[in-house]
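Me: I want the reasoning behind the labels, not just the labels. Can you take me through it?

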Amino acid sequence: MMFPENFLWGGAIAANQAEGAWDVDGRGPAKTDVTTGGSVKEPRYITYIDKDGNPGKTPNGSPIPEGARYAVLEDCYYPNHDGIDFFHRYKEDIALFAGMGFKVFRMSVSWSRLYPKGDEEAPNPKGVAFYRDVFLECQKYGIEPLVTIWHFDTPLYLEEHYGGWNNRKLIDFYERFARTCFTEYKGLVKYWLTFNEINNTIMMLDLFGNHGGHEEYRAGYQQLHYQFVASARAVQAGHEIDPANQIGCMICGITFYPGTCDPKDILANRHTWEKSIFYCGDVQCKGKYPSFAKRLWAEHGVDLDMTQQDLEELRNGCVDMYTFSYYMSSIVSTHEAKETVSGNFTAGAKNPYLQYSDWGWAFDPEGLQYYLEMIYDRYEKPIMVVENGLGAYDTIEEDGGIHDAYRISYHREHIKKMAEAMKNGVDLIGYTTWGCIDLVSAGTGEMRKRYGFIYVDKDDEGKGTFDRKVKDSYHWYKKVIQSRGTEL
Ligand code: BG6
């Protein structure tokens, strides 16, 4: 199938995983800056100094002890501190993207680069200037930036002094940050996403268990509510500042299948879709909580701090488009699994019909078609796949090349299924592959989990020249874009 001429082909990265320069030009730290490197077996840790002055660390996702302060420790390695040095090399990188014919480039703005603490009245001028330069560079090549406003990187100061998203005040701080983006970059950026993978807060608790029982769910639903309101306010501000703005939600898309045809599994699967996927999409696309929200809240005794004004904001702040990441599918069952998945991000039963990556992520292109058709039918809004890719070990071969046929095949099969979904009526407007250039893994902090069409010479200890080198997939993706998806 030939994709439409205006189809947005491109790639995606995030500030905290790519920029580096974590303390340059007045940037403040984010939680990702006190997060160590890990691996498929070893978690990433958050480091701190406890109330007695002793250093310590706790697995990412669990709280630090009472009275402790987040801290960068001397004997730990923090891969996000230098990322892939996009901060200093963005011109070279954008030129390489242009070389592939990118129409769109998804990136995020680091909140603490614009507002180092998060609660200031005015932004950091050097941070504002940096992103303007990046967007101007994109403009030079006719590449549309697609900007994620929040990609897992709340300023550390807001975490420490306000309790992060547990605090309603964050809505105002976020709105100020978002307004700054819309105002400063008016005319340079028109595609925006408010929160990356907003549904992770609850979904990850379900997938991996939690440490705080109902309490943790209660906190999670409350944080989500504040983020929904913040997102809705940003959407309204974005439209008011420039009516040309197209603003989307961003959901971590996993396609869930029932493990058996036992009606109990069918129902459990439906409920997983509701809790993990539809809950956030419904609020952000339809402007109100879905009917099943009451059941979910009752499950954990949730009693939201939610005002009439909040509900009105949600109604007035519906997103213009639905965007999502897609890497894998997963199984829901009330029966004990014969074989379980072992990996860093997936959990539960292994699907015997699918193959798994070295990190335990299921390769399932049909799952992408299923997701696209299901979601488009539900919201009937333009839809975009803003993350999709294969994290894999790459080797530089004797001839000096990186022959990543496995990555080409991963993307080829997913693009084929996107085409099928479009034939079936889905208004799919774009595809940005994840980690179009190798970057620090969010889940494990590794460099060796590589997604890129462009290789970056950096290892898991931060050593390397940081030089860029194109892989076979670079040339392949260029051809795909040039031929509008007919040469796969
Ligand atoms: C998504 C995130 O969860 O998946 C990205 O939006 C992340 O930030 C991507 O990098 C891939 O995950 P990982 O753990 O392989 O980096």
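Reply: What follows covers helix packing, then the ligand surroundings. Keep in mind that this is a predicted model.

Me: Why are α6 and α8 called roughly parallel?

Reply: Helix α6 spans residues 169-184 and helix α8 spans residues 213-241. They pack at about 25°, with axes 9 Å apart. Angles under 35 degrees count as roughly parallel. Therefore α6 and α8 are roughly parallel to each other. Their crossing is right-handed.

Me: What makes the contact between α6 and α8, and how does it divide by class?

Reply: From α6 come Ile-171, Asp-172, Tyr-174, Glu-175, Ala-178, Arg-179, Phe-182 and Thr-183. The α8 side includes Tyr-226, Val-229, Ala-230 and Arg-233. By class, there are 10 nonpolar, 3 polar and 5 charged residues.

Me: Why does the pair α8 and α9 get the label roughly parallel?

Reply: Helix α9 covers residues 263-286 and packs against α8 at about 30°, with the axes 10 Å apart. The limit is under 35 degrees. Therefore α8 and α9 are roughly parallel to each other. The crossing of α8 and α9 is right-handed.

Me: Which residues make that contact of α8 with α9?

Reply: Tyr-217, Tyr-221, Leu-224, Phe-228 and Ser-231 of α8 meet Lys-275, Tyr-279, Cys-280, Val-283 and Gln-284 of α9. The class count is 7 nonpolar, 2 polar and 1 charged.

Me: At what angle do α8 and α10 pack, and what label follows?

Reply: Helix α10, residues 293-300, packs with α8 at about 140°, and the axes are 8 Å apart. Roughly antiparallel needs over 145, and roughly perpendicular needs 65 to 115. The angle of about 140° therefore counts as oblique.

Me: What meets what there?

Reply: His-214, Tyr-217, Arg-218 and Tyr-221 in α8 meet Leu-296, Trp-297, Glu-299 and His-300 in α10. These divide into 4 nonpolar, 2 polar and 2 charged.

Me: Now the ligand. Which of the 15 residues around the ligand come nearest?

Reply: Gln-17, Glu-197, Ala-442, Lys-449 and Tyr-451.

Me: What makes the pair of Gln-17 and the ligand a polar contact?

Reply: A side-chain N or O atom of Gln-17 is 2.7 Å from a ligand oxygen atom. The cut-off is within 3.5 Å. The pair therefore qualifies.

Me: How do His-151 and Ala-442 reach an oxygen atom of the ligand?

Reply: His-151 uses a polar side-chain atom, at 2.8 Å. Ala-442 uses a backbone N or O atom, at 2.7 Å.

Notes
Residues numbered from 1 in each chain as written. Predicted model: local features only at pLDDT ≥ 70, side-chain atom pairs only at ≥ 80, totals over all residues. Heavy atoms only, no water. Axes fitted to C-alpha atoms, helices over the stretch in contact; angles between N-to-C directions. Helix = DSSP H or I, 4+ residues; strand = E, 2+ residues; numbered from the N terminus. Left-handed = near helix turned anticlockwise from the far one by under 90°. Contact = heavy atoms within 4.5 Å. Nonpolar A, V, L, I, M, F, W, Y, C, P; charged D, E, K, R; others polar. Near = heavy atom within 4 Å. Polar contact = N/O pair within 3.5 Å; in protein donor to acceptor, adjacent residues only side chain to side chain.
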